[in-house]
Amino acid sequence: MNSQRIAIITDSGTDTAECLIREHDVRVVPLRIIYSDGTTYQSGVDITPSEVVARFAQEIPTTSLPSPEQIRATLEQARADGYERAVIITISSGLSATNQTAQLVAAQMEGFPTIVVDTKSIGMVGGMVVARAVEMVEAGVPFEELAGRLERSSRDSDIYFGVKSLEYLYKGGRIGGHIYRIGSVLNIKPILTCNDEGRYVMARKARGWDRALDAMVGLAVRSAGRFERVRLSVCCSDATNVHMRQLADRLHAEVPSTIVSMLESDISADLLVHTGPDLVGIGIQRAE
């Protein structure tokens, strides 16, 4: 427990690093994965990413946000464990109603002040914001300043990712027909990012997978160049893990800023439902 007794809570869609969760007592509320036969799993609890991928041939499941009861139970458990306040950090409100639900629950907590931060992003960049929350709380940043500083950290972060097939994003309602049609014609691979509202938009398009990876690195280098010091993250699914070292090496060589850290991130089961098995992404965050 940190000296300020502020609990840090997030959802599984932020892909927060397991070592950070374990070493700093970050509480994770899992999103749910639902199959047509009625079976429901908690992401990262009773279903793994590889198990989700293995079942794609039979069915692409759906996902659901944590229930209000789950979020409240997590807050109540934190209080019972000796915490006095909490910070909840969620994936983008433009992609999930998790943030709105957390705000409603937080407003109902009596005697347990709770702030809710919208990362306006997803996956590893959400996890990078969680990491900043851990640093700030343990450094003694006053509770009243956390929301503003974490929102600034979210604004100073970018994510770029590509997938070999847009079918999963389209079927899950994460992208519209325009982007899906572009990706389906002439082997065009869109590079996606999150805009200021936290929704997926196309940052660039490339013909073929190798050119898409080149374009992704170029976008990441340009984004990182805005800052003197940056934190970077690279994520690959099991099927694309062969690209992990190559991308990290290229970023080390091409990013003009001082790289404070380079994280190799995993991908949660609930995110793979919407991206499919072939995902590569890069996260960039200003380092103070």
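## Exercises on helices and sheets

Helix H5 (residues 124-139) packs against helix H6 (residues 143-155) at an angle of about 145 degrees, and their axes are 10 Å apart. Keep in mind that this is a predicted model.

**Exercise 1. Which residues make the contact between H5 and H6, and how do they divide into nonpolar, polar and charged?**

Step 1: Start with the geometry. Two packed helices are described by the angle between their axes and the distance between the axes. For this pair, that's about 145 degrees and 10 Å. H5 passes H6 in a right-handed crossing.

Step 2: Now pick out the residues. On the H5 side, the contact is made by Val129, Arg132, Ala133, Met136 and Val137. From H6 come Leu146, Arg149, Leu150, Ser153 and Ser154.

Step 3: Sort them. You should end up with 6 nonpolar, 2 polar and 2 charged residues.

**Exercise 2. What is the strand order of the open sheet of 4 strands, and which are its edge strands?**

Step 1: Read across the sheet. The order is E2-E1-E6-E7, and the pairing is parallel.

Step 2: Find the edges. Strand E2 (27-29) and strand E7 (114-118) each pair on one side only.

Step 3: Check how the strands are turned. Ignoring direction, neighbours in this sheet are turned by 25 degrees against each other on average.

Step 4: Zoom in on one pair. Strand E1 (residues 6-11) runs parallel to E2, and 3 bridges join them. Look for Ile9, which stands opposite Arg27 in E2.

Step 5: Bring back the helices from Exercise 1. H5 lies across E1 and strand E6 (85-90), running at about 180 degrees to E1. H6 lies across E1, E6 and E7, and runs at about 10 degrees to E7.

**Exercise 3. Why is one side of each edge strand in the sheet E4-E3-E5 left without a neighbour?**

Step 1: Describe the sheet. This open sheet has 3 strands, with antiparallel pairing.

Step 2: Look at the edges. Strand E4 (40-42) and strand E5 (62-64) stand there with a single partner strand each, so one side of each has no neighbour in the sheet.

Step 3: Add the turn between neighbours. On average it comes to 30 degrees, direction ignored.

Step 4: Follow one pairing. Strand E3 (residues 32-34) pairs with E4 in the antiparallel sense over 3 bridges. Here Ile34 stands opposite Thr40 in E4.

**Exercise 4. How do H3 and H4 cross, and which residues meet there?**

Step 1: Take the axes of helix H3 (residues 68-80) and helix H4 (residues 98-108). They come within 9 Å and cross at roughly 50 degrees.

Step 2: Name the arrangement. With that angle, H3 and H4 are therefore oblique to each other. As for handedness, H3 passes H4 in a right-handed crossing.

Step 3: List who meets whom. Pro68, Ile71, Arg72 and Leu75 in H3 meet Thr101, Ala102, Val105 and Gln108 in H4.

Step 4: Sort this contact too. There are 5 nonpolar residues, 2 polar and 1 charged.

**Exercise 5. At what angle do H9 and H10 pack, and how does the chain cross from E11 to E12?**

Step 1: Get the helix geometry. Helix H9 (residues 209-224) and helix H10 (residues 244-254) pack at an angle of about 40 degrees, and their axes are 10 Å apart. That makes H9 oblique to H10. The crossing of H9 past H10 is right-handed.

Step 2: Find the contact. Asp214, Val217, Ala220 and Val221 in H9 meet Leu247, Arg250, Leu251 and Glu254 in H10. These residues divide into 5 nonpolar, no polar and 3 charged.

Step 3: Move on to the strands. Strand E11 (residues 229-236) and strand E12 (residues 258-265) run parallel, joined by 7 bridges. In this pair, Arg229 stands opposite Thr258 in E12.

Step 4: Trace the chain from E11 through H10 to E12. This β-α-β crossover is right-handed.

Note on methods
Residues are numbered from 1 along each chain as its sequence is written. This is a predicted model: local features need pLDDT of at least 70, side-chain atom pairs count only at pLDDT 80 or more; totals for chains, interfaces and linings use all residues. Side-chain values use heavy atoms; hydrogens and water are left out. Axes are lines fitted to C-alpha atoms, for helices over the stretch in contact, and angles run from 0 to 180 degrees between N-to-C directions. Helices (H or I, at least four residues) and strands (E, at least two) are DSSP runs, numbered from the N terminus. A crossing is left-handed if the near helix is turned anticlockwise from the far one by less than a right angle, and right-handed if clockwise. Contact means heavy atoms within 4.5 Å. Ala, Val, Leu, Ile, Met, Phe, Trp, Tyr, Cys and Pro count as nonpolar, Asp, Glu, Lys and Arg as charged, and the others, Gly among them, as polar. Angles under 35 degrees count as roughly parallel, over 145 as roughly antiparallel, 65 to 115 as roughly perpendicular and the rest as oblique. Two strands pair if DSSP finds at least two bridges between them. A crossover is right-handed if, with the strands pointing away from the viewer, the path from the first strand over the helix to the second runs clockwise.
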